[in-house]
Amino acid sequence: MTRPLRVGIVCPYSFDAPGGVQFHVRDLAQALQARGHEVSVLAPADDDTPVPDLVVSAGKAVAVRYNGSVARLTFGPRAAARVRRWVDNGRFDVLHLHEPMTPSLSMLALWIAEGPVVSTFHTAQVRSRALQVAYPLLRQSLEKIAARIAVSEDARRMLVDHVGGDAVVIPNGVYVDTFAGARPKAEWQGTPEAPTIAFLGRLDEPRKGLQVLAAAIPAVLARHPGARFLVAGRGDAGRDEAIASLGGHASSVTFLGGISDEDKAGLLGAVDLYIAPQTGGESFGIVLVEAMSAGAAVVASDLGAFRRVLDDGAAGALFRNEDPADLARAIVEALDDPEGTAARREHARAWVRRYDWSTVTSQIEAVYEMAVAAGEAIPVRPDASWRMPRALRMLGEGSDR
């Protein structure tokens, strides 16, 4: 960039229960700040939720079932007033909205703002009822977007097929060196006789695939009886269901609960294999990049997004989606073929550099430069009579209570 910018980033999902989009927004904001830009992030968050210093809370969120999981969103007239005030006070050179089709803060900001707007699309869901409802109400506002980013080819294809227009593909970023330099947790390290195998994700979201891994465990233990499975993530119902399905094999599985970013890096640096058994709804696969960065060998379902992140299997082993028997085969083969697994791990070590924030941030800055060329500031609408569409105003009334 030719000069530092004032960048406003809007995250639609609450920091009360952070996930991939929230982590992406947080890390992008920090990477931009490190390059001299002035950054403010607007996101939902409860008053007692600790958030990074550069995050401005837009108030409490409500839980909504969205894209196969439960998302915590903020909407309604009160949220719109907060968005307007934040945009007005920020006087941003560029406004970066994440998931503007999601009925939350990014959608509100898109209605309110004028000037250089960049949007990032994360979702790769082929059919979305929320998208079908929102698109007619947003069609005109989408013309405000000066530049579109998709985090993967899958997310780009969803945008092209269901919204129209196109987007440049810029992947999610990872601080590769942070994971590569993390100290492995000794208690999570394995041995040839007792390898350790990890899973990370919401335990009560079926699309994260814990049930697929649980069904594969008996076959893995038949070949490697000393194997230990380390399962990290929140969701008591999913944990209890997995334990019940494991029967006599439950003693080989340790449930770690939610873990910190530091412990996640230590876990991924310690284990022999990281398993990604997600069944769908994934547009990228950030945890695969984190695992590769930390030095873990990866075994993942053959979703299109995962296949691309793993360089079509060269950087990690693939198995047939939702097939526990094939997952067990892939795990056993990875453990039985240490030379082949080491070769994929070595390829992954170089491959992940394309996802490092040093590369990704430069690509996003180039998009900002293009957007800023269309105008120098983002004024709010001076017309105080602006109103959101009535149907969506009613939708958001619950989040204002």
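**Close-up 1. The contact between helix 9 and helix 10 in the predicted model.** From helix 9, the residues Lys 264, Ala 265, Leu 268 and Gly 269 take part in this contact, and they meet Glu 290, Ala 291 and Ala 294 of helix 10. Sorted by class, the residues of this contact are four nonpolar, one polar and two charged. Two packed helices are described by the angle between their axes and by the distance between those axes. Here helix 9, which spans residues 261-270, and helix 10, which spans residues 286-294, pack at an angle of about 60°, and their axes lie 8 Å apart. The crossing that these two helices make is right-handed.

**Close-up 2. The open sheet of six strands.** Strands of a sheet pair through backbone hydrogen bonds, and the pairing can be either parallel or antiparallel. In this sheet the pairing is parallel, and the strands follow one another in the order 12-11-10-13-14-15. Strand 12 (253-257) and strand 15 (317-319) are the edge strands, each of which pairs on one side only. On average, and with direction ignored, neighbouring strands of this sheet are turned by 25° against each other.

**Close-up 3. The pairing of strand 13 with strand 14, and helices packed on the sheet.** Strand 13 (residues 273-276) and strand 14 (residues 297-301) run parallel and are joined by four bridges, and Leu 273 has Ala 297 in strand 14 as its bridge partner. Helix 7, made up of residues 210-223, lies across strand 10 (196-200), strand 11 (228-232), strand 12, strand 13 and strand 15, and runs at about 170° to strand 11. Helix 9 also packs on the sheet, where it touches strand 10, strand 11, strand 12 and strand 13, and the direction of helix 9 makes about 145° with that of strand 10.

**Close-up 4. Strand 2 and its pairing with strand 1 and strand 3.** Strand 2, which covers residues 38-43, is mostly covered, since five of its six residues are buried, that is, under 20% relative accessible area. With strand 1 (residues 6-10), strand 2 pairs in the parallel sense over five bridges, and in strand 2 the bridge partner of Val 10 is Leu 42. Strand 2 is also joined to strand 3 (residues 55-57) by three bridges, and these two strands run parallel; in this pairing Leu 42 stands opposite Val 56 of strand 3. Together, strand 1, helix 1 (residues 20-34) and strand 2 make a β-α-β unit, which is right-handed.

Terms used:
Residues numbered from 1 in each chain as written. Predicted model: local features only at pLDDT ≥ 70, side-chain atom pairs only at ≥ 80, totals over all residues. Heavy atoms only, no water. Axes fitted to C-alpha atoms, helices over the stretch in contact; angles between N-to-C directions. Left-handed = near helix turned anticlockwise from the far one by under 90°. Contact = heavy atoms within 4.5 Å. Nonpolar A, V, L, I, M, F, W, Y, C, P; charged D, E, K, R; others polar. Pairing = 2+ DSSP bridges. Buried < 20%, exposed > 50% of the residue type's maximum accessible area, 1.4 Å probe, protein only. Right-handed = clockwise from strand over helix to strand, strands pointing away.
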